[in-house]
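Colleague: I would like a close look at a single part of this model, taken slowly and with its neighbours included. Could you choose one strand and walk me through its surroundings, and then add whatever helices deserve a similar look?

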Amino acid sequence: MYEGEWRKGRASGKGKFSWPSGATYEGGFKSGRMDGEGTFVGVEGDTYRGSWSNDRKHGYGEKRYANGDVYRGSWRFNLMDGYGKYAWSDGNVYEGEWKNGVIFGKGTLSWNNGNIYEGCWDNGLPKGKGVFTWSNHENMKNDERENFEVMGARKRSSSTDPARPRLYIWELDGEAGDITCDIVDKAEAASMLYKNQFGGPPNGIGQFQKSPCSSADGEVKKPGHTISKGHKNYDLMLNLQLGIRHSVGKHASVMRELRQSDFEPKEKFWTRFPPEGSKFTPPHQSMDFRWKDYCPMVFRHLRELFAIDPADYMLAICGDDALRELSSPGKSGSFFYLTQDDRFMIKTVKKSEVKVLIRMLPSYYQHVCQYKNTLVTKFFGVHCVKPVGGQKTRFIVMGNLFCSEYRIHRRFDLKGSSYGRITDKPEEEIDETTTLKDLDLDFVFRLDRSWFQELIRQIDRDCEFLEAERIMDYSLLIGLHFRDDYSGDEMKMSPNDKHCLDKRDSDIVGTFMRGYHLLPDMDWVMEGRGPHLRLGANTPARAQRVSKIEIDQFMGIGSNHSTPSRSGGEVFDVVLYFGIIDILQDYDISKKLEHAYKSLQVDPSSISAVDPKLYSKRFRDFIRRIFREDKR
């Protein structure tokens, strides 16, 4: 509910907005968004008083967390950035510089026992020159690593001297504010390290588990809205969760070799879920519905192949956390739902799409078994819900390509065609959750030689598979994480600043790649803990900005043989996430008619609806133009 001033049909001026959850905001508005000075009070009791810009904390402000922590200082797009002071509820205090929501630059950390560290920080950890002052005034300089050991949430080292204390800084799950720091002895450090690495301590103390998709960038805007009671699809979500819990639990203990009959279209099973429960189903608060499972044994094997633990799968989809519904259906009319941990995506599909998937299931299974680096969508299940007296809703469960501990700053859906392939959003409304299209692309991506060669090989394999199955209209979905926060301010840096940034980024890239080795099937595996690198996930690259003329050339509007210039255009170190999506559209009569109709209006080669063989060739040619081997 909004109460306050309006201008041209939008909230503008002073006002108060209340959410159904109980959260409130009171302060300035501009063009329907929180802007200016205002106070936000969260459901858990956390409050923020300060400056806002475009619905985000931006400028100076004070945030008081529900656990008693307080931060006063500068904010930038919802993250602590600039100079600020963070006071923990236990009396520990940090005062100094921040960047992207973490301690970065010069600052002083004071413990409640009188110990003080004053010096340089990098990504939440002491780095470079610094002085540690014990409460008994004995100083220890940080110029040499062996003087004292630093253990952190991302970089850890172990001390060879059992008597030497170590600084341990770590962050719990949840929002900013859940940060703990202390000087610990060897036994305590081992206990903390055990908790952070293995999800549970040896003596049953509380667990600290990190989601594989949680971002290290602080408060990040997540797409979609949580489905709560009263939502039009609330009952559908409950039915879906009940059905998946039943399906996965039923087949979790049954593991046998697949038979040819497991792939047949008739391999589908109906189960009724009455509200009062039955011999096979639990009682529930939703309406009476029926649940259909398609080829359950095949998808049981696929989940195992993709290393999806049954318990994790059920907990993510069927746990206490509700699903998130993306704000608007896609062009196809499908609705998308995300689990709260971002690992799994659920998409409603048409009957024809289910038929295509079941038809191609034997070939799909063989393909993903043969090529571990395949970029095609990972499917985990196909199901149907039918309320008594209602309509059937069919849906598929698949992996979320952007499940990452890195923040996704830009995302593109690319087909290699140009007709209608541009976002319809005004520039001021485009943010990091907006999916851009072919004509919005203003980067080419330079990969290390081994990555590039494997990408081209795998694209060829996947396109040959899709072409053989008569599939077309698929896309390459790409997500970019800029290693250094991507913003207009950085585009205006001086050459000297850029030199420093490039040097620091090259150090980051070196650290990022250290400890990884390349297996014969091109899977990157880290020796020890850390993000798993493989083609399409955590892939290191450089993104080079290109001009509109070069983009036209990529789309075939200019010369077909042109390549992006190696000179000019900003270059950014990035982490890429990409994969082939929307692979359930075959070249049926509707697509043939679409091709015939649009061909009368525009160049036939510029439209998406073309024969699978031509689509495959155009798609591969396009990938070769936007991905280049990095000669650096």
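Modeller: Let us take strand E32, residues 571-581, keeping in mind that this is a predicted model; the strand is mostly covered, with 10 of its 11 residues buried. E32 has strand E28 (residues 475-482) as an antiparallel partner, joined to it by eight bridges, and strand E31 (residues 539-545) also runs antiparallel to E32, through six bridges. Val-575 of E32 is a useful place to see both pairings, since His-481 has Val-575 as its bridge partner, while Pro-540 stands opposite Val-575 as well.

Turning to the helices, H3 (residues 296-305) is largely enclosed by the rest of the structure, because eight of its 10 residues are buried. Those buried residues are Pro-296, Met-297, Val-298, Phe-299, Arg-300, His-301, Leu-302 and Arg-303, and just after H3 the residue Ala-307 takes a positive phi of about 60 degrees.

A helix pair completes the view: the axes of H6 (residues 449-468) and H11 (residues 612-626) come within 9 Å and cross at roughly 165 degrees. With angles over 145 degrees counting as roughly antiparallel, H6 and H11 are therefore roughly antiparallel to each other, and the crossing of H6 past H11 is right-handed. In their contact, H6 contributes Ile-456, Ile-459, Asp-460, Cys-463, Glu-464 and Glu-467, which meet Pro-612, Lys-613, Ser-616, Phe-619, Arg-620, Ile-623 and Arg-624 of H11. By class, this contact has six nonpolar, six charged and one polar residue.

Methods. Residues numbered from 1 in each chain as written. Predicted model: local features only at pLDDT ≥ 70, side-chain atom pairs only at ≥ 80, totals over all residues. Heavy atoms only, no water. Buried < 20%, exposed > 50% of the residue type's maximum accessible area, 1.4 Å probe, protein only. Helix = DSSP H or I, 4+ residues; strand = E, 2+ residues; numbered from the N terminus. Pairing = 2+ DSSP bridges. Axes fitted to C-alpha atoms, helices over the stretch in contact; angles between N-to-C directions. Parallel < 35°, antiparallel > 145°, perpendicular 65-115°, else oblique. Left-handed = near helix turned anticlockwise from the far one by under 90°. Contact = heavy atoms within 4.5 Å. Nonpolar A, V, L, I, M, F, W, Y, C, P; charged D, E, K, R; others polar.
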